[in-house]
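Subject: Handover of the structure

Dear colleague,

I am passing the structure on to you with this email, and the notes on what was found in it follow below. Please read them with the coordinates open beside you.

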Amino acid sequence: IVSSGGVNGVVHGKAMGFARASSDSSELFNDPSVNTVVIATRHDSHASFAVKAINANKHVFVEKPLAMTSRELDEVKTAYQTPRSE
């Protein structure tokens, strides 16, 4: 689990059974042992986190809405359609 809540995020993450907790999302996206990302943040950050996860070659589940604007949706679509190596 990654939370900007620092210690609070760690406490809740451990209580919910997450193996690791952090306040740095880049750790999550750069960690090769993580293959799936669930995005359940504030709506205005869904698209940007989805693009980061897709670009990091992760499976992504996004709580709705996926995007707030058509521009954000286009960015997600572009990231998804961009070929990348496994």
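A residue is called buried when its relative accessible area is under 20%, exposed when that area is over 50%, and partly exposed in between. By that scale Glu 75 is partly exposed, since its relative accessible area is 37%, whereas Arg 71 is exposed at 62%. Please keep in mind throughout that this is a predicted model.

These two residues belong together for another reason as well. Arg 71 forms a salt bridge with Glu 75, in which the closest N and O atoms are 3.5 Å apart, and the count of salt bridges comes to one. Side chains of opposite charge can pair when their charged atoms come close. Because Arg 71 and Glu 75 are four residues apart in helix H4, about one helical turn separates them.

Helix H4 also holds Glu 72, for which the result is of another kind. Which side chain of opposite charge is nearest to Glu 72, and how far away is it? It is Arg 71, at 7.9 Å, and Glu 72 is buried yet has no salt bridge. For a salt bridge, a side-chain nitrogen of Lys or Arg has to be within 4 Å of a carboxyl oxygen of Asp or Glu. Leaving aside residues up to four places away in sequence, Glu 72 touches Asp 44, Ala 47 and Ala 67.

One of those contacts, Ala 47, leads to helix H3, which spans residues 46-55 and whose buried residues are His 46, Ala 47, Ala 50, Val 51, Ala 53 and Ile 54. Because they cover an arc of only 165 degrees around the axis, they are on the same side of H3. What do the buried residues of H3 pack against? Their partners are two helices, H2 (25-30) and H4 (70-81), together with two strands, S1 (36-39) and S2 (59-62).

Two points of backbone geometry deserve a look, and for both the background is that most residues other than glycine have a negative phi, and most peptide bonds are trans. Asn 57, in the loop between H3 and S2, has a phi near 65 degrees, which is a positive value in a residue other than glycine. Asn 57 counts as partly exposed because its relative accessibility is 33%. The other point concerns the peptide bond from Lys 64 to Pro 65, which is cis, with omega near 0 degrees; Pro 65 lies in the loop between S2 and H4.

Asn 57 also appears in a distance across the chain, as its C-alpha atom is separated by 8.4 Å from that of Ser 85, although the two residues are 28 residues apart along the chain. Ser 85 is placed in the segment after H4 and, with 63% relative accessibility, counts as exposed. A second distance, again taken from C-alpha to C-alpha, is the 22 Å between Arg 42 and Ala 15, which are 27 residues apart in sequence. Arg 42 has its place in the loop between S1 and H3 and counts as exposed at 70% relative accessibility.

Finally, on the surface, Ile 1, Met 16 and Phe 18 make a nonpolar patch of about 320 Å². Of these residues, Ile 1 lies in the segment before helix H1 (7-15) and is partly exposed, with a relative accessible area of 36%.

With kind regards

Definitions and conventions. Residues numbered from 1 in each chain as written. Predicted model: local features only at pLDDT ≥ 70, side-chain atom pairs only at ≥ 80, totals over all residues. Heavy atoms only, no water. Patch = residues over 30% accessible without salt bridge, like charges linked within 9 Å, V, L, I, M, F, W, Y side chains within 5 Å. Areas by Shrake-Rupley, 256 points an atom, 1.4 Å probe, with all protein chains shown as cover. Buried < 20%, exposed > 50% of the residue type's maximum accessible area, 1.4 Å probe, protein only. Arc of directions from axis to C-beta. Contact = heavy atoms within 4.5 Å. Lys, Arg positive; Asp, Glu negative; His and termini not counted.
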